[in-house]
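Q: I would like a close look at one part of this structure. Please start from a single residue and work outward.

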Amino acid sequence: MIENKSPNRKPLIYYVVIVSAVIMLLNAFVFPALLQRQVQPVSYSDFLKMVDDGQVKEVQLDQDSEQLIFLAENDEGQEAVYKTAVFPDDSLRARLEEAGVSFSAQIPTQNNPLLSFIISWILPIALFSLLGRVLMGQMNKRMGGGMNAMSFGKSNAKIVAQQETGVTFQDVAGEEEAKDALKEIVDFLEHPDKYAAIGAKLPKGALLVGPPGTGKTLLAKAVAGEAKVPFFSISGSEFVEMFVGMGAAKVRDLFKQANEKAPCIVFIDEIDTIGKKRDSGSGIGGNDEREQTLNQLLTEMDGFDGKKGVVILAATNRPESLDPALLRPGRFDRRIPVELPDLQGREAILKVHSRHIRLADDIDLNEIGRATSGASGAELANIVNEAALRAVREGRDKVRQEDLMESVETVIAGYQRKNAVLSERERSIVSYHEIGHALVAAMQTHSAPVTKITIVPRTSGALGYTMQIDEEDHNLMSQEELANKLATLTGGQAAEKLIFGSITTGASNDIEKATKLARAMITRYGMSENFGMVALETVSNQYLGGDTSLACSAAYAEKIDDQVVALVGAARAKADQILKENEAKLHELAKYLLEKETITGEEFMQILNKA
Ligand code: ADP
Ligand code: MG
Ligand code: ZN
């Protein structure tokens with residue numbers, strides 16, 4: 001993909017050299033030649049003599065100084081300029097005509113005081129001020145624009161819209177879920193009137209969340225490309241580099257322009273750099289600039305007319321650090337996850353990037369996809385390019401599989417160090433763990449169907465996860481359902497234990513959830529025989545996280561702990577039992593998941609129900 005870069009600017013030194021050279025040249029040659037050209041004074045009688053002798057070529061009457069300036073051959077036969085005071089002489093004209101001398105009454109250029117003033121003073125000054133302007137302009141650009149000596153607070157570095165990004169959804173491989181979510185925005189941009197007619201308001205902003213290199217920028221461009229609307233792009237870090245007040249001014253300017261160009265896309269990359277949580281105690285000397293910029297952004301987002309067709313997309317790989325104010329309704333209230341690609345996604349990305357590459361017949365992109373689990377789209381694009389470069393280095397005109405394999409190693413090896421790609425064994429453990437959850441869930445009645453299982457690491461840090469979605473919303477959960485949920489939660493570690501004989505730290509999140517759930521069943525839902533309907537814990541802060549506090553004696557507290565242990569233990573026993581009975585399916589499904597990395601609920605059920 002070709003990134004949109006601002007056109008190459010000549011370096012500053014270039015202008016300095018050019019202007020100094022011009023000034024030096026003028027001083028050394030042109031000025032002296034123009035100014036010091038000697039004009040020799042002669043007497044009027046000598047002048048007449050020269051006319052009669054045929055030495056004079058041309059005569060001009062300088063009306064200012066009442067002098068005759070004339071060009072004549074001197075004694076050495078060379079042309080020179082002379083001057084003489086005008087003497088009252090009525091016959092001069094006839095005499096000149098007779099000698100064939102051309103004459104005029106123009107102001108001779110060689111000795112014009114105004115001109116020499118211009119050349120020696122005005123011109124250098126003009127050149128220097130031009131140089132100054134160029135320097136200022138360069139400085140402006142370096143400082144991210146907005147610096148204008150006369151008008152602080154008014155951003156003059158234009159944020160230029162890209163009229164056509166030229167990127168479409170076809171250029172983005174995989175990421176089907178993100179694309180689906182964005183298609184509605186495309187439709188909105190194409191037919192804003194359709195939505196306005198019915199009175200619908202689309203979200204003003206959507207937040208693309210995902211690790212670096214997964215195609216967030218690419219997706220934003222594709223939305224603009226699909227809808228054929230202008231694309232304004234700015235990065236959060238550009239705001240922060242500026243002087244106080246500039247960031248806010250730039251935001252204002254950006255929205256003003258966007259409003260004029262609507263429908264259009266405004267894309268704010270790395271929004272976390274301006275949208276970080278504001279710490280309450282920042283006081284004086286906090287990051288005022290960032291805060292002002294953020295406030296301006298919030299104001300603009302609240303202020304603009306949502307029906308007009310300006311959609312703001314933002315990208316971040318650290319959503320947890322965002323100021324909650326940004327995520328409120330009417331702002332970036334839509335969150336679109338852009339995750340690392342699974343095997344299918346990787347294959348598709350490799351395909352997209354090798355579209356314009358000449359490939360040998362032995363190419364197997366599936367193999368490359370399998371060798372690159374955990375790699376991002378950007379890394380895959382890099383792998384293809386590295387392979388092409390290698391082929392050229394080796395003097396071939398086609399890329400072979402070995403080139404790709406080789407560049408997988410160079411690209412991924414660098415990447416492994418930073419990102420700890422899972423080893424084959426770890427991936428296998430994660431697969432069994434996730435299938436463990438899914439199997440236990442599927443083998444019990446009253447549990448929500450499994451919709452997706454993946455071992456592609458998530459932004460959240462999870463190495464894999466099993467998604468269950470209830471067919472219908474329900475607010476009331478029965479004791480059986482909760483018990484099943486508890487068993488499902490323990491299923492991951494149960495599978496690890498059954499297959500590998502040992503367990504890993506991978507279940508810490510499951511354990512935390514299971515404990516919380518078991519505790520709530522006992523202390524709040526009255527689902528234990530020992531205590532019955534006695535509230536043993538109270539929930540403070542229903543809406544903000546639901547902190548609980550014990551509302552019983554210490555003796556009871558101990559009993560509660562025992563019960564929690566027992567309840568979770570029973571759930572685990574149930575999970576162990578289910579997995580043991582279905583060990584063959586566990587193997588089959590885990591192997592399938594390991595290969596595919598992401599499987600749907602249907603695939604899962606199909607294999608499960610297969611005889
Ligand atoms: P992000 O903004 O998420 O960090 P980018 O959009 O800048 O990632 O992606 C960098 C490059 O990686 C893109 O220009 C593209 O070449 C490649 N790339 C990333 N994801 C994909 C994808 N899903 N399909 C095709 N190319 C991709
Ligand atoms: Mg990006
Ligand atoms: Zn788990």
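In which loop is the place of Lys228?

A: This is a predicted model. Lys228 sits in the loop between α7 and β7, and β7 covers residues 231-235. Look at its backbone there. The phi angle of Lys228 is near 55°. That is a positive value, and the residue is not a glycine.

Now step back to α7 itself, which runs over 216-227. This helix leads to ligand 1. It is one of the elements that give two or more residues to the shell around the ligand. The others are α12 (343-353) and α14 (377-393).

How many residues surround ligand 1? There are 18. The closest are Ala173, Gly213, Lys216, Thr217 and His353. Sort the shell by character and you get eight nonpolar, six polar and four charged residues. Sort it by domain and two stand out. Domain 2 (158-337) gives at least three residues, and so does domain 3 (343-413).

Next, follow the oxygen atoms of ligand 1. One lies 2.6 Å from an N or O atom in the side chain of Thr217. The backbone takes part as well. An N or O atom in the backbone of Leu218 is 2.9 Å from a ligand oxygen. For Gly215, a polar backbone atom is 3.1 Å from an oxygen of the ligand. How much of the ligand does the protein cover? On its own, ligand 1 has 560 Å² of accessible area, and the protein covers 88% of that.

Another loop also deserves a look. Pro263 lies between α9 (246-261) and β8 (264-269). The peptide bond that joins Ala262 to Pro263 is cis. Its omega is near 0°.

Finish at the metal. Ligand 3 is a zinc ion. Its protein donors are the NE2 atoms of His433 and His437, plus two OD atoms of Asp510. They lie 2.0 to 2.8 Å from the ion. Along the chain, the spacing of the donors is H-x3-H-x72-D. The two histidines share helix α16 (residues 424-442). They are four residues apart in that helix, so about one helical turn separates them.

Why is the zinc arrangement irregular? The angles between its four donor atoms run from 51 to 144°. A tetrahedral site would need every angle to lie between 85 and 135 degrees. For comparison, the ideal angle for four tetrahedral donors is 109.5 degrees.

Definitions and conventions:
Residues are numbered from 1 along each chain as its sequence is written. Chains are lettered from A and ligands numbered from 1 in the order in which they are written. This is a predicted model: local features need pLDDT of at least 70, side-chain atom pairs count only at pLDDT 80 or more; totals for chains, interfaces and linings use all residues. Side-chain values use heavy atoms; hydrogens and water are left out. A residue is near a molecule or strand if one of its heavy atoms lies within 4 Å of it. A polar contact is a pair of N or O atoms within 3.5 Å; within protein, one must be able to donate a hydrogen and the other to accept it, and residues adjacent in sequence count only if both atoms are side-chain atoms. Accessible areas come from the Shrake-Rupley method with a 1.4 Å probe; for residues, only the protein chains shown count as cover. Ala, Val, Leu, Ile, Met, Phe, Trp, Tyr, Cys and Pro count as nonpolar, Asp, Glu, Lys and Arg as charged, and the others, Gly among them, as polar. Domain bounds come from an automatic or database domain assignment. Donors are N, O and S atoms within 2.8 Å of the metal (3.2 Å for Na, K and Ca); water is not among the atoms, so sites may look incomplete. Four donors count as tetrahedral if all angles lie between 85 and 135 degrees; four count as square planar and six as octahedral if opposite donors are over 155 degrees apart and all others between 65 and 115; anything else is irregular.
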